[in-house]
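Trainee: I am new to this structure and would like to go through it slowly, one question at a time.
Mentor: Gladly; here it is, and we can begin once you have looked it over.

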Amino acid sequence: MKTNQAVIKWGLFVLLSFIWGSSFLLMLIGLEKLNAWQVAALRLFSAGIIMWPFVWTTLKKIPKEKTGYIILSGFLGSFFPAFLFCLAETRLDSSFAGTLNSLTPIFVVLVGIFFFNLKVKWQQVIGILISFAGSICLFMVKSGKTGDLLYVGFIVLGTFFYGLNVNMIGKKLKEIPSFDIAVLAFAFLAIPSLIILLAFGTHNLNFADVHILRSVGASALLGIAGTTIASVLFYVLLKKAGGVFASTVTYGIPFVAMFWGWVYQEKITIPVILSLFVILLGIFITNANDKPFRWLMGLWKKGQKNITPP
């Protein structure tokens, strides 16, 4: 049974890494002919509209006191990050954006500490500092424009919302089925998304233009696969493996995003790769079991005892 659970857990990990890693490429294609607001809104509208047939059945099953948390989860885990990431990709490479997304587990821990009484271990503090240093290095080698700092900030804020959402689901929605959470959250988000699409005149686009259709299709696919399907899978993983492990899906996302960046001839240098590994090292330490660290500390203390004073 444990083996089957492990296979399911790691299978979801790999699948989500590929889907979300590819999402940054779909955003880039969407931005070829649409603005960031249209891509994000079309993504969320596509995700929500396919959930509407299930709304009535879902509402009858969900306790009324949980409805507000589910809608809030939709805003924190999908709505705000969708717009923040699209805005960021108007100035940043998709591979860079995908790499910065790996900061999510850091915020899962930080938000858990400050808002959900999560107990922190000393190696988690070290890991957070290492990842922060790696993200600073990545920004310095990947962007020569100080103005890009604002767009990096969009992604950092988006990952903060992810961290807040993961902790909230773990505390408030653990007993609600994953599919029901996705149905209600995305169905509701379709309404403000439609308003934004209309406000930006998306309905007036020339859909006979194959290039516009390509951008619209990529944005819709981003919503159906990268939001609806992926979010259901993520909620399943979150409940099977816990928030910390589920958030480590972002370990795989940068590699997929960098692969697509390489395919589209985005510049990926050795310093960028080294910075990525610094971030991943920090995230690993943040989430690692503390037994190896206790073992290393034990060796250090033994070595100190064996040192004889002159």
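Trainee: What distance does helix H2 reach from its first C-alpha to its last?
Mentor: Please keep in mind that this is a predicted model. Helix H2 runs over residues 36–49, which gives it 14 residues. At 1.5 Å a residue the expected span is 20 Å, and the helix comes close to that, with a reach of 20 Å.

Trainee: How many of the residues of H2 are buried?
Mentor: A residue counts as buried when its relative accessible area is under 20%. In H2 the buried residues include Gln 38, Leu 42, Arg 43 and Gly 48. The helix is mostly covered, and of its 14 residues the number buried is 11.

Trainee: At the start of H2, which residue has its backbone nitrogen approached by a side-chain oxygen of Asn 35?
Mentor: The place to look is the start of H2, where the side chain of Asn 35 offers an oxygen. That oxygen comes to within 3.0 Å of a backbone nitrogen, and the nitrogen belongs to Trp 37.

Trainee: How far apart are the C-alpha atoms of Leu 198 and Gln 38?
Mentor: Leu 198 has its place in helix H9, while Gln 38 is one of the buried residues of H2. Leu 198 is partly exposed, because its relative accessible area is 47%. Along the chain the two residues are 160 residues apart, yet their C-alpha atoms are separated by 9.2 Å.

Trainee: Which element gives the largest share of the nonpolar patch on the surface?
Mentor: The patch has about 680 Å² of accessible area together, and among its members are Ile 50, Trp 52 and Phe 188. The elements that give two or more residues to it are H9 and H10. Ile 50, for its part, lies in the loop between H2 and helix H3. The largest share, three residues, comes from H9.

Trainee: Is Ser 231 buried or exposed?
Mentor: Ser 231 is found in helix H10, and leaving aside its neighbours within four places in sequence, it is in contact with Trp 20, Ser 78 and Phe 186. Its relative accessibility is 9%, so Ser 231 counts as buried.

Trainee: Which residue has its backbone oxygen 2.7 Å from a polar atom of the side chain of Lys 66?
Mentor: Lys 66 has its place in helix H4, and it counts as buried because its relative accessible area is 15%. Leaving aside neighbours within four places in sequence, its contacts include Leu 173, Glu 175 and Ile 176. The backbone oxygen that lies 2.7 Å from a polar atom of its side chain belongs to Lys 172.

Note on methods. Residues numbered from 1 in each chain as written. Predicted model: local features only at pLDDT ≥ 70, side-chain atom pairs only at ≥ 80, totals over all residues. Heavy atoms only, no water. Helix = DSSP H or I, 4+ residues; strand = E, 2+ residues; numbered from the N terminus. Expected span 1.5 Å × (residues − 1). Buried < 20%, exposed > 50% of the residue type's maximum accessible area, 1.4 Å probe, protein only. Polar contact = N/O pair within 3.5 Å; in protein donor to acceptor, adjacent residues only side chain to side chain. Contact = heavy atoms within 4.5 Å. Patch = residues over 30% accessible without salt bridge, like charges linked within 9 Å, V, L, I, M, F, W, Y side chains within 5 Å. Areas by Shrake-Rupley, 256 points an atom, 1.4 Å probe, with all protein chains shown as cover. Salt bridge = Lys/Arg side-chain N within 4 Å of Asp/Glu carboxyl O.
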